[in-house]
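Me: Could you pick one strand in this model and give me a close look at it? I'd like to hear about its partners and its surroundings, all in one go.

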Amino acid sequence: MGLRGPMALFFFALAEFRAIIGMHLMIEGAAALKIGIALAGGVARGLAHIGVLQVLEEHGIIPDMYAGTSAGSVVGAAAAAGLTGYELQQIAQETEWWFLAKRIPFGRWLLSSEGIETWLADIVGVATFEQLRKALAVVAVDFASGREVVFTSGPLLPVVRASCSIPGVYEPVHVADRLLVDGGLVRNLPVTPVRELGADFVIAVDLHSHVLDIALPENSIGGLLRASNILMRPQEEAEGAKADVVIRPHLAALGPLAFREVSAFVKAGRTAAIQAVPAILEHLAEMK
(Lines give C-alpha, C1' and ligand atoms only; values in the text may rest on other atoms or scores of the structure.)
Protein backbone atom coordinates (compact mmCIF):
# COMPACT_ATOMS: atom_id res chain seq x y z
CA MET A 1 0.00 0.00 0.00
CA GLY A 2 1.67 3.18 -1.14
CA LEU A 3 1.58 6.84 -0.20
CA ARG A 4 -1.42 8.92 -1.09
CA GLY A 5 -1.63 12.67 -1.53
CA PRO A 6 0.97 15.41 -1.93
CA MET A 7 1.49 15.95 1.82
CA ALA A 8 2.23 12.29 2.43
CA LEU A 9 4.64 12.31 -0.52
CA PHE A 10 6.36 15.41 0.86
CA PHE A 11 6.85 13.86 4.32
CA PHE A 12 8.10 10.63 2.79
CA ALA A 13 10.67 12.50 0.68
CA LEU A 14 11.70 14.55 3.72
CA ALA A 15 12.19 11.45 5.82
CA GLU A 16 14.23 9.78 3.08
CA PHE A 17 16.42 12.88 2.66
CA ARG A 18 17.03 13.21 6.39
CA ALA A 19 17.77 9.52 6.63
CA ILE A 20 20.52 9.78 4.03
CA ILE A 21 22.03 12.94 5.52
CA GLY A 22 21.61 11.67 9.07
CA MET A 23 23.32 8.37 8.47
CA HIS A 24 26.35 10.09 6.92
CA LEU A 25 26.64 13.21 9.06
CA MET A 26 24.72 13.02 12.33
CA ILE A 27 25.89 9.53 13.29
CA GLU A 28 28.90 9.22 11.01
CA GLY A 29 31.04 6.30 12.04
CA ALA A 30 28.15 4.39 13.60
CA ALA A 31 27.08 2.82 10.30
CA ALA A 32 28.79 -0.43 11.21
CA LEU A 33 26.64 -0.70 14.31
CA LYS A 34 23.49 -2.74 13.97
CA ILE A 35 20.52 -0.86 15.42
CA GLY A 36 17.57 -2.84 16.72
CA ILE A 37 14.21 -1.68 18.01
CA ALA A 38 11.94 -3.55 20.42
CA LEU A 39 8.24 -2.73 20.00
CA ALA A 40 5.96 -3.55 22.92
CA GLY A 41 2.41 -4.83 22.81
CA GLY A 42 -0.47 -2.65 23.93
CA VAL A 43 -3.51 -3.12 21.65
CA ALA A 44 -4.42 0.34 20.22
CA ARG A 45 -1.55 1.90 22.13
CA GLY A 46 0.69 0.18 19.58
CA LEU A 47 -0.23 3.02 17.24
CA ALA A 48 2.23 5.15 19.22
CA HIS A 49 5.03 3.11 17.62
CA ILE A 50 4.20 4.86 14.35
CA GLY A 51 5.10 8.26 15.76
CA VAL A 52 8.34 6.87 17.20
CA LEU A 53 9.35 5.46 13.83
CA GLN A 54 8.57 8.75 12.11
CA VAL A 55 10.91 10.70 14.38
CA LEU A 56 13.68 8.15 14.08
CA GLU A 57 13.39 8.28 10.30
CA GLU A 58 13.54 12.08 10.34
CA HIS A 59 16.81 11.93 12.28
CA GLY A 60 18.42 9.25 10.18
CA ILE A 61 18.15 6.59 12.89
CA ILE A 62 17.04 3.63 10.81
CA PRO A 63 16.73 0.26 12.58
CA ASP A 64 18.45 -2.70 10.95
CA MET A 65 16.19 -5.18 12.74
CA TYR A 66 12.94 -5.30 14.64
CA ALA A 67 11.35 -7.35 17.40
CA GLY A 68 7.68 -7.08 18.27
CA THR A 69 5.10 -8.49 20.60
CA SER A 70 1.36 -8.34 19.88
CA ALA A 71 0.61 -4.88 18.40
CA GLY A 72 4.37 -4.31 18.25
CA SER A 73 4.71 -7.32 15.98
CA VAL A 74 2.24 -5.78 13.54
CA VAL A 75 4.16 -2.50 13.35
CA GLY A 76 7.47 -4.36 13.29
CA ALA A 77 6.37 -6.56 10.38
CA ALA A 78 5.17 -3.55 8.40
CA ALA A 79 8.39 -1.61 9.05
CA ALA A 80 10.56 -4.64 8.24
CA ALA A 81 8.64 -4.94 4.97
CA GLY A 82 9.74 -1.41 4.06
CA LEU A 83 6.78 0.79 5.05
CA THR A 84 7.66 4.17 6.55
CA GLY A 85 6.12 5.74 9.62
CA TYR A 86 4.16 8.17 7.46
CA GLU A 87 2.77 5.37 5.33
CA LEU A 88 1.76 3.49 8.45
CA GLN A 89 -0.05 6.51 9.84
CA GLN A 90 -2.03 6.93 6.65
CA ILE A 91 -2.93 3.24 6.61
CA ALA A 92 -4.03 3.39 10.25
CA GLN A 93 -6.18 6.44 9.63
CA GLU A 94 -7.91 4.78 6.69
CA THR A 95 -8.47 1.43 8.40
CA GLU A 96 -11.88 0.39 9.67
CA TRP A 97 -10.97 -1.60 12.74
CA TRP A 98 -14.16 -3.63 13.07
CA PHE A 99 -12.37 -6.71 11.72
CA LEU A 100 -10.75 -6.97 15.16
CA ALA A 101 -14.14 -7.82 16.67
CA LYS A 102 -15.24 -10.72 14.48
CA ARG A 103 -17.49 -12.97 16.55
CA ILE A 104 -17.31 -16.75 16.33
CA PRO A 105 -20.90 -18.04 16.03
CA PHE A 106 -21.54 -20.85 18.51
CA GLY A 107 -17.78 -21.17 19.02
CA ARG A 108 -15.76 -21.97 22.11
CA TRP A 109 -13.95 -18.63 21.89
CA LEU A 110 -15.32 -15.10 21.90
CA LEU A 111 -13.58 -13.59 18.83
CA SER A 112 -11.57 -14.68 15.82
CA SER A 113 -8.23 -13.00 14.99
CA GLU A 114 -8.44 -14.12 11.36
CA GLY A 115 -9.08 -10.54 10.25
CA ILE A 116 -5.68 -9.47 11.60
CA GLU A 117 -3.95 -11.90 9.28
CA THR A 118 -5.98 -10.81 6.23
CA TRP A 119 -5.42 -7.11 6.94
CA LEU A 120 -1.68 -7.55 7.50
CA ALA A 121 -1.28 -9.56 4.30
CA ASP A 122 -2.71 -6.66 2.31
CA ILE A 123 -0.33 -4.20 3.95
CA VAL A 124 3.02 -5.99 3.93
CA GLY A 125 2.61 -7.86 0.64
CA VAL A 126 4.77 -10.79 1.77
CA ALA A 127 4.02 -14.16 3.33
CA THR A 128 7.28 -15.19 5.03
CA PHE A 129 9.96 -13.72 7.28
CA GLU A 130 12.51 -14.39 4.54
CA GLN A 131 10.68 -12.04 2.16
CA LEU A 132 10.98 -9.07 4.53
CA ARG A 133 13.59 -6.41 3.78
CA LYS A 134 14.94 -6.49 7.33
CA ALA A 135 15.19 -9.04 10.11
CA LEU A 136 12.22 -9.46 12.42
CA ALA A 137 11.57 -11.44 15.60
CA VAL A 138 7.98 -12.04 16.74
CA VAL A 139 7.12 -13.22 20.24
CA ALA A 140 4.25 -15.61 20.94
CA VAL A 141 3.43 -18.09 23.71
CA ASP A 142 2.87 -21.82 23.44
CA PHE A 143 -0.54 -22.12 25.10
CA ALA A 144 0.07 -25.72 26.15
CA SER A 145 3.44 -25.28 27.85
CA GLY A 146 3.24 -21.57 28.70
CA ARG A 147 6.68 -21.06 27.20
CA GLU A 148 7.86 -18.23 24.99
CA VAL A 149 8.28 -18.97 21.29
CA VAL A 150 10.29 -16.49 19.19
CA PHE A 151 9.87 -16.68 15.42
CA THR A 152 12.44 -15.30 12.97
CA SER A 153 11.76 -17.45 9.92
CA GLY A 154 8.98 -19.30 8.13
CA PRO A 155 5.37 -18.16 7.65
CA LEU A 156 4.92 -14.58 8.85
CA LEU A 157 1.20 -13.84 8.86
CA PRO A 158 -0.13 -16.56 11.19
CA VAL A 159 2.71 -15.89 13.63
CA VAL A 160 1.89 -12.17 13.90
CA ARG A 161 -1.78 -13.09 14.24
CA ALA A 162 -0.91 -15.45 17.07
CA SER A 163 1.22 -12.82 18.80
CA CYS A 164 -1.88 -10.58 18.85
CA SER A 165 -4.33 -13.24 20.04
CA ILE A 166 -5.15 -12.27 23.61
CA PRO A 167 -6.22 -15.44 25.44
CA GLY A 168 -9.78 -15.37 26.67
CA VAL A 169 -10.69 -12.90 23.92
CA TYR A 170 -9.33 -14.46 20.72
CA GLU A 171 -9.11 -18.09 19.76
CA PRO A 172 -5.56 -19.49 19.90
CA VAL A 173 -3.79 -19.90 16.55
CA HIS A 174 -2.36 -23.16 15.23
CA VAL A 175 1.14 -22.73 13.79
CA ALA A 176 2.86 -25.99 12.83
CA ASP A 177 2.29 -28.28 15.80
CA ARG A 178 1.76 -25.52 18.36
CA LEU A 179 -1.27 -23.67 19.71
CA LEU A 180 -0.14 -20.07 20.15
CA VAL A 181 -1.42 -16.96 21.93
CA ASP A 182 -0.34 -13.38 22.69
CA GLY A 183 3.37 -13.06 23.45
CA GLY A 184 2.69 -10.33 25.98
CA LEU A 185 2.03 -13.00 28.57
CA VAL A 186 5.75 -13.63 28.93
CA ARG A 187 7.68 -10.87 27.13
CA ASN A 188 5.70 -7.80 26.20
CA LEU A 189 8.80 -5.67 25.57
CA PRO A 190 11.05 -7.87 23.38
CA VAL A 191 14.53 -6.49 23.99
CA THR A 192 16.18 -9.89 24.37
CA PRO A 193 14.87 -11.19 21.01
CA VAL A 194 16.23 -8.20 19.10
CA ARG A 195 19.58 -8.58 20.86
CA GLU A 196 19.60 -12.20 19.75
CA LEU A 197 19.04 -11.07 16.16
CA GLY A 198 22.43 -9.35 16.41
CA ALA A 199 21.63 -5.78 17.43
CA ASP A 200 24.53 -3.85 18.93
CA PHE A 201 22.34 -0.92 19.99
CA VAL A 202 18.73 -1.41 21.09
CA ILE A 203 15.95 1.15 21.34
CA ALA A 204 12.94 -0.10 23.31
CA VAL A 205 9.46 1.42 23.09
CA ASP A 206 7.57 0.81 26.34
CA LEU A 207 3.83 1.49 26.03
CA HIS A 208 2.82 0.84 29.64
CA SER A 209 5.16 2.98 31.73
CA HIS A 210 2.39 5.47 32.57
CA VAL A 211 -0.83 3.47 32.30
CA LEU A 212 -1.06 2.79 36.04
CA ASP A 213 -1.25 6.57 36.60
CA ILE A 214 -4.90 6.63 35.55
CA ALA A 215 -7.80 6.48 38.01
CA LEU A 216 -8.79 3.11 39.39
CA PRO A 217 -11.28 1.27 37.16
CA GLU A 218 -14.99 1.19 37.96
CA ASN A 219 -16.03 -1.83 35.91
CA SER A 220 -14.94 -5.42 35.26
CA ILE A 221 -13.31 -4.79 31.88
CA GLY A 222 -11.29 -1.91 33.22
CA GLY A 223 -10.34 -4.04 36.20
CA LEU A 224 -9.10 -6.87 33.99
CA LEU A 225 -7.05 -4.48 31.86
CA ARG A 226 -5.43 -2.92 34.92
CA ALA A 227 -4.70 -6.34 36.37
CA SER A 228 -3.04 -7.32 33.10
CA ASN A 229 -0.89 -4.19 33.15
CA ILE A 230 0.15 -4.83 36.76
CA LEU A 231 1.16 -8.39 35.93
CA MET A 232 3.19 -7.31 32.89
CA ARG A 233 5.10 -4.44 34.48
CA PRO A 234 7.86 -6.50 36.17
CA GLN A 235 8.85 -8.29 32.96
CA GLU A 236 8.56 -5.07 30.92
CA GLU A 237 10.83 -3.22 33.34
CA ALA A 238 13.32 -6.09 33.36
CA GLU A 239 13.49 -6.09 29.57
CA GLY A 240 13.70 -2.30 29.39
CA ALA A 241 16.78 -2.41 31.61
CA LYS A 242 18.54 -4.42 28.88
CA ALA A 243 18.00 -1.72 26.24
CA ASP A 244 20.38 1.14 25.51
CA VAL A 245 17.58 3.70 25.33
CA VAL A 246 13.92 3.32 26.33
CA ILE A 247 11.25 5.52 24.77
CA ARG A 248 8.18 5.86 27.00
CA PRO A 249 5.17 7.56 25.38
CA HIS A 250 2.64 9.02 27.83
CA LEU A 251 -0.48 7.03 26.98
CA ALA A 252 -2.44 6.99 30.24
CA ALA A 253 -5.10 9.28 28.78
CA LEU A 254 -5.61 7.02 25.74
CA GLY A 255 -7.49 3.78 26.15
CA PRO A 256 -6.23 0.44 24.83
CA LEU A 257 -9.22 0.15 22.50
CA ALA A 258 -9.21 3.74 21.18
CA PHE A 259 -8.30 2.77 17.61
CA ARG A 260 -9.91 5.90 16.17
CA GLU A 261 -7.46 8.12 18.08
CA VAL A 262 -4.65 7.52 15.57
CA SER A 263 -3.43 11.12 15.54
CA ALA A 264 -3.29 11.30 19.34
CA PHE A 265 -1.32 8.06 19.60
CA VAL A 266 1.09 9.13 16.87
CA LYS A 267 1.58 12.51 18.54
CA ALA A 268 2.37 10.84 21.87
CA GLY A 269 4.88 8.56 20.19
CA ARG A 270 6.50 11.48 18.39
CA THR A 271 6.76 13.56 21.57
CA ALA A 272 8.47 10.78 23.49
CA ALA A 273 10.81 9.97 20.60
CA ILE A 274 11.84 13.60 20.12
CA GLN A 275 12.81 13.72 23.79
CA ALA A 276 14.87 10.56 23.38
CA VAL A 277 16.74 11.49 20.19
CA PRO A 278 19.61 13.38 21.93
CA ALA A 279 20.33 10.35 24.15
CA ILE A 280 20.20 8.01 21.16
CA LEU A 281 22.62 10.12 19.14
CA GLU A 282 24.93 10.51 22.14
CA HIS A 283 25.02 6.75 22.73
CA LEU A 284 25.66 6.05 19.06
CA ALA A 285 28.48 8.59 18.99
CA GLU A 286 30.10 6.92 22.00
CA MET A 287 29.88 3.51 20.35
CA LYS A 288 31.27 4.44 16.96
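Reply: Quick bit of vocabulary before we start: two strands count as paired if DSSP finds at least two bridges between them. Bear in mind that this is a predicted model.

Let's go with E5, the strand that spans residues 135-142. How much of E5 is buried? The strand is mostly covered, with 7 of its 8 residues buried.

Now for the partners. E2, made of residues 65-69, pairs with E5 in the parallel sense, and 5 bridges hold that pairing. If you want a spot to look at, find Gly-68, which sits opposite Val-138 in E5.

Next comes E6, residues 148-151, which runs antiparallel to E5 and is joined to it by 4 bridges. Here Val-139 faces Val-150 of E6. E5 and E6 form a hairpin with 5 residues between the strands. Which residue there takes a positive phi? That's Gly-146, with a phi near 80 degrees.

Then there's E8, residues 178-182, also joined to E5, this time by 3 bridges and in the antiparallel sense. The pair to look up in this case is Ala-140 and Asp-182 of E8, which stand opposite each other.

Putting it together: follow E5 along its length and you meet a parallel pairing with E2, an antiparallel one with E6 and an antiparallel one with E8, in a strand that is mostly covered.

Conventions. Residues are numbered from 1 along each chain as its sequence is written. This is a predicted model: local features need pLDDT of at least 70, side-chain atom pairs count only at pLDDT 80 or more; totals for chains, interfaces and linings use all residues. Side-chain values use heavy atoms; hydrogens and water are left out. Buried means under 20% relative accessible area, exposed over 50%, partly exposed in between (1.4 Å probe, protein chains only). Helices (H or I, at least four residues) and strands (E, at least two) are DSSP runs, numbered from the N terminus.
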